[in-house]
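Dear colleague,

Please find the structure that I am handing over to you below. My findings follow directly after it.

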Amino acid sequence: MKIIIIGGGVSGLAISCKLAKEKIDNILIEKRPFLGGRAYSFFDKNSKEEIDNGQHIIVGACKEFINFLSEINAIEKISFEKKLRIPVLNKNKLVNLRSHNFPIKILGKVFSILQYKHLKLRERISLLKTLYKISKMKPKDLKELDNENFYNWLKNNNQSKNTIHCFWELFAIPALNDEIKNVSASIGIRLFQVAFIESDINANFAIPNVGLTKLLGDSAENFLKNTNTKIIKNQEIKSIIVKNDKISGVITKDDRKIKSDIVISTLPPNQILDIIPKNYQSYFKKSKEINMAPIVGIHLWFENYFFDEKFMVVLGSPIQWIFNDSKIKNSSSSFQHIVISLSNAWEWKNKPKKVIKEIFLSEINKLFPKSKKSKLINFSVIKMLNATFRCQPGIQKIRSKNRTKIKGLYISGDWAESEWPSTMEAAVISAKNTILDIKKDFGNKL
Ligand SMILES: Cc1cc2nc3c(=O)[nH]c(=O)nc-3n(C[C@H](O)[C@H](O)[C@H](O)COP(=O)(O)OP(=O)(O)OC[C@H]3O[C@@H](n4cnc5c(N)ncnc54)[C@H](O)[C@@H]3O)c2cc1C
């Protein structure tokens, strides 16, 4: 059986490596000259350093993604935080949101929230009650909340504006890359169930300590080198070929036909229709209802070190999350490399680089006075306009199934059916589920 995977992002790489591990040959075709899709790094001409297209964070709950990194021998390329500790700066007051290990686990969690002093005592108690309610919710309850927005749900559950801002949004905006008024309550609640309730290590951060291409594209390529998998880069697929509702291959941009019994598309929702023949488009048209959202990454290199934390959240400032790339990557450079990651970045996506530089440098100087004594050496802005798909109310009904009505054609990728938002974890889960479907359909013919 011939298998073609279209797209060498996380999902395509995971399918390819997992099949190769089982000695099932496949061809991976990627449009761009490099692998990794929406998670890659590149050589920045300004700083002459390898930088990421966007800060990627993994949490302990990303079990399938972490497994995948182990499979491709890349697990050493992420650093696990042993405990959850997030420094949160609000109006010049720094409070650590941290986990506490008590012999009775629930007490540890209660203690963690009670220590979170950006909230008034009654807000902390109300937050605990809502987290308790969330812990008791079943998949059926979540399904019913898919059309509701997360903000309204929190308001209806006695969460004050301050609690929403200082706790819920602190995690929900970066994880879901959206205003919580625009997010499905079902996805929002599930995020907190997974990260805070289901296990003690689920919320712990794991951060890549190398560039994303080294972590993903290079590691996967290295793994595949010793297998019969063929990787074709710089090759765009123009269309799939369907005969009598059955896949028979793909056509490349330079009009070459490649025959195949099984084709897996890992294209994002805003690109999938580009490769579907006209007479089958109506079946895939729901993908048009899935919108994408931008993330903007701001890189600053300072002459001297002034910021010692690995990362920090800043509330009430255009800075949302700030990362100490020098510390995370254990850099030997004498310059300090800081990355500001702006989620839900509609406001910034069209702003000129010069304006962004002025605003954020002045903000850094205001928040970290020591930085004023340190000269800015380099500055780069990376705007990823279609970074993640939006988890708007109703999203769970329109995400694609892995199996399609065209026999032999499968859809994988972060936006395919799962309870995860647009993440590398969702991309690997869908890879795994797609392989399960293929095995059910083709069994030992593979
Ligand atoms: C700035 C930024 C920050 C992020 N932060 C996080 C984070 O902190 N944590 C997290 O888990 N996730 C994060 N994400 C999301 C994460 O990167 C994605 O969810 C994941 O990479 C999606 O992988 P995928 O394989 O489903 O899709 P993609 O990566 O989009 O892969 C699709 C691939 O198909 C290729 N392709 C497209 N059309 C064709 C064609 N016609 N022919 C051949 N190839 C084609 C593309 O070039 C691409 O390589 C972030 C994303 C961005 C952009």
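**Strand pairing, domains and ligand shell**

Strand E6 is joined to strand E9 (residues 205–208) by 3 bridges, and the two run antiparallel. Please note that this is a predicted model. Within this pairing, Phe-80 has Ala-206 of E9 as its bridge partner.

These strands belong to an open sheet of 3 strands, ordered E5-E9-E6, with antiparallel pairing. Strand E5 (58–59) and strand E6 (78–80) are at the edges and have a single partner strand each, so one side of each has no neighbour in the sheet.

The domain assignment divides the protein into domain 1 (3–37 + 209–290 + 395–445), domain 2 (82–203) and domain 3 (292–389). Between the C-alpha centres of domain 1 and domain 3 the distance is 34 Å. Domain 1 puts 9 residues into the contact between these two, and domain 3 puts in 7 residues. On the side of domain 1 that touches domain 3, 5 residues are nonpolar, 3 are polar and 1 is charged.

Where does the ligand lie with respect to domain 1 and domain 3? Both domains give residues to the shell around the ligand, and therefore the ligand lies between them. There are 36 residues around the ligand, of which Gly-7, Gly-9, Gly-37, Gly-54 and Thr-423 come nearest. At least two residues of this shell come from each of helix H1 (10–21), strand E19 (376–389) and helix H14 (424–442). By class, the shell comprises 14 nonpolar, 15 polar and 7 charged residues.

Yours sincerely

Notes
Residues numbered from 1 in each chain as written. Predicted model: local features only at pLDDT ≥ 70, side-chain atom pairs only at ≥ 80, totals over all residues. Near = placed C-beta within 6 Å. Helix = DSSP H or I, 4+ residues; strand = E, 2+ residues; numbered from the N terminus. Nonpolar A, V, L, I, M, F, W, Y, C, P; charged D, E, K, R; others polar. Domains from an automatic or database assignment. Pairing = 2+ DSSP bridges.
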